[in-house]
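Reader: Hi! Could you give me a close look at one part of this protein, beginning with a single side chain and then working outward to what surrounds it? I'm at the bench most days, so plain language would be lovely.

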Amino acid sequence: MLQPLALTAHRDGAIDDLRVSAFKIPTTSPEADGTFEWRATTIVVARAKAAGVESLGYTYADVSAAQLIDSSLKSVAVGRDAMRVKETWMAMVRAIRNLGRPGVCSMAIAAVDAALWDLKARLLNVPLATLLGQARSEVPAYGSGGFTSYTVEELQKQLSGWAAQGIRAVKMKIGTRPEDDVDRVKAARAAVGAGVRLMVDANGAYTRQQAVEKALAFGEFDVRWFEEPVSSDDLEGLRYLRERGPAGMEIAAGEYGYDALYFRRMLEAGAVDVLQADATRCAGVTGFLQVDGLAEGFGTPLSAHTAPTLHTHLCCAAVRARDVEYFYDHARIERMFFDGAIEPVGGMLRTGEGPGLGLELKSSDVEKYKIYGDLYSSK
């Protein structure tokens with residue numbers, strides 16, 4: 001068990017430096033969902049220093065998020081007290097007021113905020129989940145991928161592979177070719193069997209009427225989760241689906257939320273059965289915990305979107321957290337980039353006992369993917 005370091009040595013410790021890099025990693029094959037196609041993923045990694053300790057935070061975002069950290073956030077964070085993370089977070093939010101809070105700015109703040117929470121936890125020599133106030137020791141993972149660019153055979157292989165590992169819920173993409181979706185869902189159910197929870201994600205590809213029609217058809221194959229059946233901005237449409245879909249099928253959305261107001265509006269509209277949030281988009285650890293508070297106030301379950309290692313710590317501390325999306329792309333990248341990346345065991349994600357996020361960057365391994373910036377040498 002870790003022993004906390006002497007707090008007096010760090011209470012007034014200033015953040016000495018903040019550095020950032022961006023890396024672009026090709027996908028293993030072309031990937032697509034109902035509204036988008038991609039062949040590479042970009043991860044932005046921020047590292048902070050205080051009292052001789054280095055930390056690490058990250059987001060999945062465009063390289064412009066890294067550039068914004070250098071141009072607008074570094075000067076805000078450096079020199080501030082490493083123990084007062086929320087104060088720095090508020091200062092960063094004020095600093096980007098005229099640049100626009102949603103989108104790239106919130107993702108840039110997310111990387112820095114995660115690095116600063118990791119720094120504080122490392123200074124106190126405790127895991128991040130412990131620092132945040134641990135509510136549970138583990139959280140369920142659900143396997144996520146099943147891209148519409150996959151053949152039926154590739155889809156079945158991936159989903160059944162997760163089921164064989166003990167993961168009891170899997171999610172697939174739909175919406176690129178609506179006419180094929182019911183058959184693909186049928187094939188997915190055949191691959192994973194009756195004991196695995198089957199989830200679908202349209203990424204907002206359907207109209208309201210299409211979504212209702214598909215929901216009823218998917219119900220025949222015991223689909224229990226329908227994510228973004230229509231655009232997540234169509235709050236009335238999401239509620240329309242909640243009211244007309246088959247019993248037992250949850251409507252989920254929220255991954256594109258960047259601030260607390262977005263999530264509050266979604267909850268007030270009664271738009272979702274399950275609220276999703278992504279700490280790499282909603283301004284980091286601090287923003288994610290704000291969403292947890294809103295979910296608690298509305299009595300709504302909270303599901304973490306992608307970035308499984310980061311979200312394992314957060315969901316072990318969040319009151320309303322239900323599960324973490326073990327997203328194929330991000331799980332692969334986190335294994336490639338970090339010693340200490342968290343993997344599911346028996347379908348569950350558990351934090352380690354190392355301080356902070358428990359991650360160390362594999363600097364020499366990932367240098368070839370770097371497209372921007374500079375980082376400290378990893379220990």
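Author: Happy to. Let's begin with Glu 54, which lies in strand 3; please keep in mind that the model is predicted. Is Glu 54 buried or exposed? Its relative accessible area is 12%, and because anything under 20% counts as buried, Glu 54 is buried. Its side chain has a polar partner: it makes a polar contact with the side chain of Arg 47, at 3.4 Å.

Just before strand 3 comes a loop, which joins strand 2 (37–50) to strand 3 (53–54) and holds Ala 51. The backbone of Ala 51 deserves a glance, as its phi is near 50°, a positive value in a residue other than glycine. Unlike the buried Glu 54, Ala 51 is partly exposed, with a relative accessible area of 44%.

From here we can step to helix 3 by way of Val 112. Val 112 is found in that helix, and its C-alpha is 8.0 Å from that of Ala 48, although the two are 64 residues apart in sequence. Val 112 has 0% relative accessibility, so it counts as buried. What does Val 112 touch, once its neighbours within four places in sequence are left aside? The contacts are Leu 18, Ala 46, Ile 69, Leu 73 and Met 92.

Helix 3 also leads us to helix 10. Helix 3 (residues 104–124) and helix 10 (residues 284–298) pack with their axes 6 Å apart, at an angle of about 95°. The two helices are therefore roughly perpendicular to each other, because angles from 65 to 115 degrees are classed that way. On the helix 3 side, the contact is made by Ala 110, Asp 113, Ala 114 and Trp 117, while helix 10 brings Gly 284, Val 285 and Thr 286. Sorted by class, this contact has 4 nonpolar, 2 polar and 1 charged residues.

Helix 10 itself has 15 residues, which should span 21 Å at 1.5 Å a residue; its end C-alpha atoms are 21 Å apart, in agreement with that. Its buried residues are Gly 284, Val 285, Thr 286, Gly 287, Phe 288, Val 291, Asp 292, Leu 294 and Ala 295. Just after the helix, Gly 299 takes a positive phi of about 65°.

Phe 288 is a handy link to the next element, helix 11. Both Cys 315 and His 311 are placed in helix 11, and Phe 288 is among the contacts of each. His 311 counts as buried at 0% relative accessibility. Not counting residues up to four places away in sequence, His 311 touches Ala 277, Asp 278, Ala 279, Phe 288, Ala 304, His 305, Thr 306 and Val 324. Cys 315 is likewise buried at 0%. With its neighbours within four places set aside, Cys 315 is in contact with Arg 136, Val 139, Phe 288, Ala 304, Ala 321, Asp 323 and Val 324. For a sense of scale, Cys 315 and Arg 264 are 51 residues apart in sequence and 19 Å apart, C-alpha to C-alpha.

Thr 306, one of the residues that His 311 touches, is found in the loop between strand 11 (302–304) and helix 11 (308–315). Its phi is positive, about 60°, although it is not a glycine. That may remind you of Ala 51 and its phi near 50°, but Thr 306 is buried, with a relative accessible area of 2%, whereas Ala 51 is partly exposed.

One more stop on the tour is helix 7. Spanning residues 208–219, this 12-residue helix reaches 16 Å from its first C-alpha to its last, close to the 16 Å expected. Which residues of helix 7 are buried? They are Ala 211, Val 212, Lys 214, Ala 215 and Phe 218, and they pack against helix 6 (178–192), strand 7 (197–201), strand 8 (223–227) and helix 8 (235–244).

Phe 218 also appears among the contacts of Ile 174, along with others including Asp 33, Thr 148, Val 185, Tyr 206 and Phe 226. Ile 174 sits in the loop between strand 6 (169–173) and helix 6, and counts as buried at 0% relative accessibility.

Terms used:
Residues numbered from 1 in each chain as written. Predicted model: local features only at pLDDT ≥ 70, side-chain atom pairs only at ≥ 80, totals over all residues. Heavy atoms only, no water. Helix = DSSP H or I, 4+ residues; strand = E, 2+ residues; numbered from the N terminus. Buried < 20%, exposed > 50% of the residue type's maximum accessible area, 1.4 Å probe, protein only. Polar contact = N/O pair within 3.5 Å; in protein donor to acceptor, adjacent residues only side chain to side chain. Expected span 1.5 Å × (residues − 1). Contact = heavy atoms within 4.5 Å. Axes fitted to C-alpha atoms, helices over the stretch in contact; angles between N-to-C directions. Parallel < 35°, antiparallel > 145°, perpendicular 65-115°, else oblique. Nonpolar A, V, L, I, M, F, W, Y, C, P; charged D, E, K, R; others polar.
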